[in-house]
Structures are given as structure tokens and as C-alpha cells.
Amino acid sequence: MAVMQKIRNIFLDAEFAEVEIPAPAAPTSYSLSTLTEKNLREVLSLNLRCFYQGENYTKLTFKHLLTEPNILSYQIITAERQMVGFIFIAVHNDKIGHITTIGVAPEHRNRGLAKLLLQHAEKALKTRGFDSVVLEVRVSNYIAQNLYHQLDYNIIQKLENYYTNKEDAYLMSKSL
Ligand SMILES: CC(C)(COP(=O)(O)OP(=O)(O)OC[C@H]1O[C@@H](n2cnc3c(N)ncnc32)[C@H](O)[C@@H]1OP(=O)(O)O)[C@@H](O)C(=O)NCCC(=O)NCCS
């Protein structure tokens, strides 16, 4: 099934290619920890499974994010030591944190892992004295918008042609 989908995606325009929809993973336990440069390969492969072609960050971008001191980053790993979630937060501005990307492995979704990553990031920002947190989300990404609304993020602006394919973004914000 996954192979057929991959073959189909080769012939489809990248914008319409589908992300895999695997069966849910077997129940397991999860733990959260800080990311380091050593996690680059795993972050890259999880990123490819979370975002459509053209939306993904490059290896160079992740290398930068993992080594830049003004970026906080966390992962969720399973009891079997598999990385199944990540989040990166820029802390360049000393009052406003900026969530740059978040992703959860398809087979581990709908288990509260993104919520856990966001709540951990917010706590980390709060203890560092940050007032608020912002993020951008595609206007078409209803799942992520639901997640952010549920955690009390509000849309504060529409950013026209924000993404490389010209899709608009919502700028969302939350007071900490
Ligand atoms: C968006 C994403 C990170 C959510 O991860 P997740 O671990 O499945 O999310 P959670 O289980 O923590 O869900 C939290 C809330 O998100 C919303 N949500 C999650 N999956 C949803 C779905 N399939 N449909 C509608 N809302 C959904 C719900 O409000 C949910 O709360 P609920 O379970 O009480 O209803 C994940 O779908 C993903 O990696 N998507 C691809 C990458 C991406 O779009 N990242 C965001 C870029 S801005």
C-alpha cells in the first residue's frame, strides 16, 4: 500500500502528493527530551514523513536550528527509542517565542503528543521570562489550527502569499 502511494506520488504534482496514512502504532510509552545535533538524521526523516514535498525544511536549515543557541528544540521518543515528534522554538526576541515547526509521526497522531510538545515549549518559554508565543500556520491546515485553538492561540493576522507556493498563513499568538 505504502509502495503504491509512493509510486503514485512520483507522477502527481508535488502540491497534490499525499502524505502516508499508516495504521496506528502499537501502544507504547513516551518521553520528552532536548534535541541535539546528533539527532539530525532522525529529525530529517521524521520531517519528511510529516510535511508535503516543498513544505519541508532542508538539511541545512535543520543543522542550523540544532546548533543555533537561540533555538530551543525538543523531541518525543517511544519506549523503543524511536523519535516520533519534534518542536523547534526561536527565542531571538527576548519577549516573544516563535514556534518554527512541529511534527508528529503519522502512526502516533491523535495521542496528545503535539499538545505535550507545545505545553512543554510554553513552560520553557515562561520560565525564561517570555510574555508570549507566536507561530504561522497554513490557512489550509485545519488540523494544526484546531490544535492551536484548543491551546488558546488566537489568529492575529493573515499573511498573504507567505509560503513558497503562495499560500496564505495565519499568524497566531498566545499570551503566556
Ligand atoms: C498537527 C500535528 C502536529 C498534530 O499532532 P498530534 O500529536 O496528532 O496532535 P494531538 O494528538 O496533540 O491533538 C491535539 C488537538 O489537535 C487537534 N487535532 C489533532 N488531530 C486532528 C484531526 N485529525 N482532525 C481535527 N483536529 C485534530 C484536536 O483539536 C486535538 O485535540 P483533541 O484530541 O482533544 O480533539 C500533526 O497532525 C502533524 O504532525 N501534522 C503534520 C505537520 C504539521 O502540519 N505541523 C504543523 C505546522 S503549522
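Of the 176 residues in this chain, 42% count as buried, where buried means under 20% relative accessible area, exposed means over 50%, and partly exposed is anything in between (1.4 Å probe, protein chains only). The accessible surface of the chain comes to about 10,500 Å², and 54% of that belongs to carbon and sulfur atoms; these areas come from the Shrake-Rupley method with a 1.4 Å probe, and for residues only the protein chains shown count as cover.

A word on ground rules. This is a predicted model, so local features need pLDDT of at least 70 and side-chain atom pairs count only at pLDDT 80 or more, while totals for chains, interfaces and linings use all residues. Residues are numbered from 1 along each chain as its sequence is written, and side-chain values use heavy atoms, with hydrogens and water left out.

The chain has 5 helices and 7 strands, taken as DSSP runs (H or I of at least four residues for helices, E of at least two for strands) and numbered from the N terminus. Along the sequence they follow α-β-α-α-β-β-β-α-β-α-β-β. Among contacts (heavy atoms within 4.5 Å) between residues at least 6 apart in sequence, 61% join residues at least 24 apart.

Now for strand β5, residues 132-138. Since 6 of its 7 residues are buried, β5 is largely enclosed by the rest of the structure. Two strands pair if DSSP finds at least two bridges between them, and here are the partners of β5:

| Partner of β5 | Sense | Bridges | Residue matched with Ser 132 |
|---|---|---|---|
| β4 (residues 96-104) | parallel | 4 bridges | Ile 96 |
| β7 (residues 169-175) | antiparallel | 7 bridges | Ser 175 |

To get from β4 to β5, the chain passes through helix α4 (residues 113-127), making a right-handed β-α-β crossover. Right-handed here means that, with the strands pointing away from the viewer, the path from the first strand over the helix to the second runs clockwise.

Next up is helix α5, residues 142-150, where Ala 144, Gln 145, Leu 147 and Tyr 148 are buried. These four cover an arc of only 160° around the axis, so they sit on the same side of α5; the arc is that of the directions from the helix axis to the C-beta atoms. Flip to the other side of α5 and you find Tyr 142, Ile 143, Asn 146 and Gln 150 exposed. The cover over the buried residues of α5 includes β4, α4, β5 and β7. Just after α5, Asp 152 takes a positive phi of about 70°.
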